[in-house]
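Biologist: I'm new to this one, so could you take me slowly through a single part of it? I'd like a close look at the sheet and whatever sits around it.

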Amino acid sequence: MYLVKVYVTYKESVLDPQGEAVKGAVHRLGYQNVSEIRIGKYFEIKVTDSNKESVAAEIEEVCDKLLANVNMETYRYEIIEMEDKEQ
């Protein structure tokens, strides 16, 4: 079993209005050293497949088709092997 952590964010070329609003609030609180804040989405997906390569292929499809708008967003993921609790 694998745990996949997926991170989706806007591409650098796309304006992130939520990130800009949060950055403005952070600056108003006095944290002037913060130069950029990007808002994104985080997903945890458990996959029962035992083959890491097929897990990666499946996650690529899920991200491309559902989790990310590939025209505006980019994604990355980590695949972590989990211990089987039934052993």
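Modeller: Here is a walk through the sheet, then an aromatic pair on it, and then a few neighbouring spots. Keep in mind that this is a predicted model.

Let's start with the strands. The sheet is an open one of 3 strands, in the order E2-E1-E3, and the pairing is antiparallel. That leaves E2 and E3 as the edge strands, each pairing on one side only. Going from one strand to the next, the twist averages 15°. As for what holds such an arrangement together, strands of a sheet pair through backbone hydrogen bonds, either parallel or antiparallel.

Zoom in on E1 and E3: they pair in the antiparallel sense over 9 bridges. If you want one spot to click on, try threonine 9, whose bridge partner in E3 is threonine 74. Lying across E1, E2 and E3 is helix H2, residues 52-67, and this helix runs at about 150° to E3.

Now for the rings. The structure holds 1 aromatic pair. Its members are tyrosine 7 and tyrosine 42, with ring centres 5.2 Å apart; the planes meet at 40°, so the pair counts as tilted. A stacked pair would need planes under 30 degrees apart, and an edge-to-face pair over 60. Tyrosine 7 sits in strand E1 (residues 2-10) and tyrosine 42 in strand E2 (residues 40-47), so the pair ties together parts that are 35 residues apart in sequence.

How open are these two rings' residues to the outside? Both land in the middle class: tyrosine 7 is partly exposed at 23% relative accessible area, and tyrosine 42 is partly exposed too, at 41%. Tyrosine 7 has another partner as well: arginine 76 lies over the face of its ring, at 4.1 Å from the ring centre.

Just past the sheet's edge strand E3 (73-81), the segment that follows contains glutamate 83. This glutamate 83 is exposed, with 74% relative accessibility, because anything over 50% earns that label. Along the chain, glutamate 83 and leucine 3 are 80 residues apart, yet their C-alpha atoms are separated by 10 Å.

For a contrast, go to lysine 23 in helix H1, which covers residues 17-28. Lysine 23 has a relative accessible area of 16%, so it counts as buried, the cut-off being under 20%. Leaving aside residues up to four places away in sequence, lysine 23 touches Val34, Ser35, Glu36 and Ile37.

How values were computed: Residues numbered from 1 in each chain as written. Predicted model: local features only at pLDDT ≥ 70, side-chain atom pairs only at ≥ 80, totals over all residues. Heavy atoms only, no water. Helix = DSSP H or I, 4+ residues; strand = E, 2+ residues; numbered from the N terminus. Buried < 20%, exposed > 50% of the residue type's maximum accessible area, 1.4 Å probe, protein only. Contact = heavy atoms within 4.5 Å. Phe/Tyr/Trp six-rings, centres within 6.5 Å; stacked < 30°, edge-to-face > 60°. Lys NZ or Arg CZ within 6 Å of the ring centre and 35° of its normal. Pairing = 2+ DSSP bridges. Axes fitted to C-alpha atoms, helices over the stretch in contact; angles between N-to-C directions.
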